[in-house]
Amino acid sequence: MRTPRRALAAAAIAFVLPLSACGSGDGGSGSTDASGKVEGDITFQTWNLQANFKPYFEGVIADFEKKYPDTHVKWIDQPAEGYADKISADAAGGTLSDVVNVSPDLVAPLAKAGFALDLDKAASKYKKEYLEGAWASHQIPGMTGTYAFPWYLNTGPLFYNKSLFEEAGLDPAKPPTTYDELFGSALELAEKTDGKVATLANVPTIEDFGRYGVELMNEEGTAFAFNDAKGIELLTKYKELYDAKALDTQALTATPESSGKKFLTGAVAMNPGSALDLENFKKQAPNLYKNIGITDQITSTGKVNMYVMGVMVNSQTKHTPAAVAFAHFVTDARNQMSFAKQVAIFPSTAGSLDDPYFTKEDGTDVTRVRVAAAKSLKNAVNYTPVLFSEQMKTELRNEVAKALQGKESPKEALDNAVKACDRLLQQQG
């Protein structure tokens, strides 16, 4: 099973631009004026999409070139592995594509170094076309501006194994809907199965702290804050689960893929996922598919987590009007809707989620997941802070592991994680 974000692109690895100083974010040789004639040759770089979606992108490019006959778009697709390093090297070497597929954490260092065009200045007329939360997802704390067009979104439900619930004496028709219920059910299931069946397979990540209602950063974006009382409370709960074997014993080293396999084989009772996973269950685990339960993401804030991809315009481009026009074209309502019908993702354009495709039930589980996810996305939040780098994720994961193993208290672990992440934040410039 793959996380929603990894459904179309692998998670970014550590990304630090090898530049001596951070720029203003206003660009260098390029222009923020996108009002001129749309013309010129531009390059468009995607993130591991060519293998599965070549005809779609070739069609989008052909439509754009037909609309603007004086343009030519060269499409470059980079593999998932090393994507962040590739962008970093291209930016430093002056070879960054004119239009680049990014995620919020990838855009942050580019914006700080002056490579991302501020769309609030160059393309503000398009802002109203997108969901408010999606447009804001590529804004950087401590900077003014928006640095990428929002593209596709994803979120998903919590899947659970009804037969495992039933065997443990839990009501399969009443899955947990709050954190208290989740932790209670997990402890009960572990006790009834003598620790043979865990409920969860992953340690808490930064988005889990966000969903729990923890304040992740200060408002200025200058320091992390997830070591507050609520953060300590969540990690303490996970320590209880780990000690009771309600959290899988291999959770400390788990990946989303390995957790998915545990769920497929019935070793864990619950796992997050997306509509993409239902077909996988059907093919690989028909017995699980027959017993699959689907419930909403658990959140204390009333807002689910949203994964978001974006399309950035290189501020150094020689053809700003064409680059902005193409980035907007790729992410406009028509093209996003067309893409969403090819793969289980969701458009970030305002009004698109009201289309019958996202609102009308037909009795199938796939549609049920799609409809529920679309509804939740209207006010969803990308809980992972834009400035939270892969190195920071590693620091948090290492400290969480120490707390679960009893090497540090939850408070000590989160204090240490915040210190390490603040230090890395200062190094970002």
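This is a short tour of a predicted model, from the whole chain to its sheets and one helix pair.

Residues are numbered from 1 along each chain as its sequence is written. In this predicted model local features need pLDDT of at least 70 and side-chain atom pairs pLDDT 80 or more, while totals for chains, interfaces and linings use all residues; side-chain values use heavy atoms, without hydrogens and water.

**Whole chain.** Show everything as a cartoon. The protein has 18 helices and eight strands (DSSP runs numbered from the N terminus: helices are H or I, at least four residues; strands are E, at least two). Its radius of gyration is 22 Å, close to the 22 Å that the globule rule gives for 429 residues, so the protein is as compact as a globular protein of that length (the radius is taken over C-alpha atoms; the rule is 2.2 Å times the number of residues to the power 0.38). The C-alpha trace spans about 70 × 50 × 30 Å along its principal axes.

**Five-stranded sheet.** Select 71-78 and 149-154. These are β2 and β4, the edges, each with a single partner strand, so one side of each has no neighbour in the sheet. The sheet is open, with mixed pairing and the order β2-β1-β3-β8-β4 (two strands pair if DSSP finds at least two bridges between them). Neighbouring strands are turned by 20° against each other on average, direction ignored.

Next select 99-102 and 307-313: β3 and β8 pair in the antiparallel sense over four bridges. Asparagine 101 has valine 311 in β8 as its bridge partner.

**Helices on this sheet.** Select 50-67. This is α1, which lies across β1 (40-47), β2 and β4 and runs at about 165° to β2 (contact means heavy atoms within 4.5 Å; axes are lines fitted to C-alpha atoms, for helices over the stretch in contact, and angles run from 0 to 180 degrees between N-to-C directions). Then select 104-112: α3 lies across β1, β3 and β8, at about 130° to β3.

**Three-stranded sheet.** Select 270-272 and 292-295, the edge strands β6 and β7, each pairing on one side only. The open sheet has the order β6-β5-β7 and antiparallel pairing. Four bridges join β5 (158-161) to β7, and leucine 158 stands opposite threonine 295.

**Helix pair.** Finish with 390-404 and 410-427. Helices α17 and α18 pack at about 165°, with their axes 8 Å apart. They are therefore roughly antiparallel (angles under 35 degrees count as roughly parallel, over 145 as roughly antiparallel, 65 to 115 as roughly perpendicular and the rest as oblique). Show side chains: the residues in contact include Met392 and Leu396 in α17, and Leu414 and Leu424 in α18.
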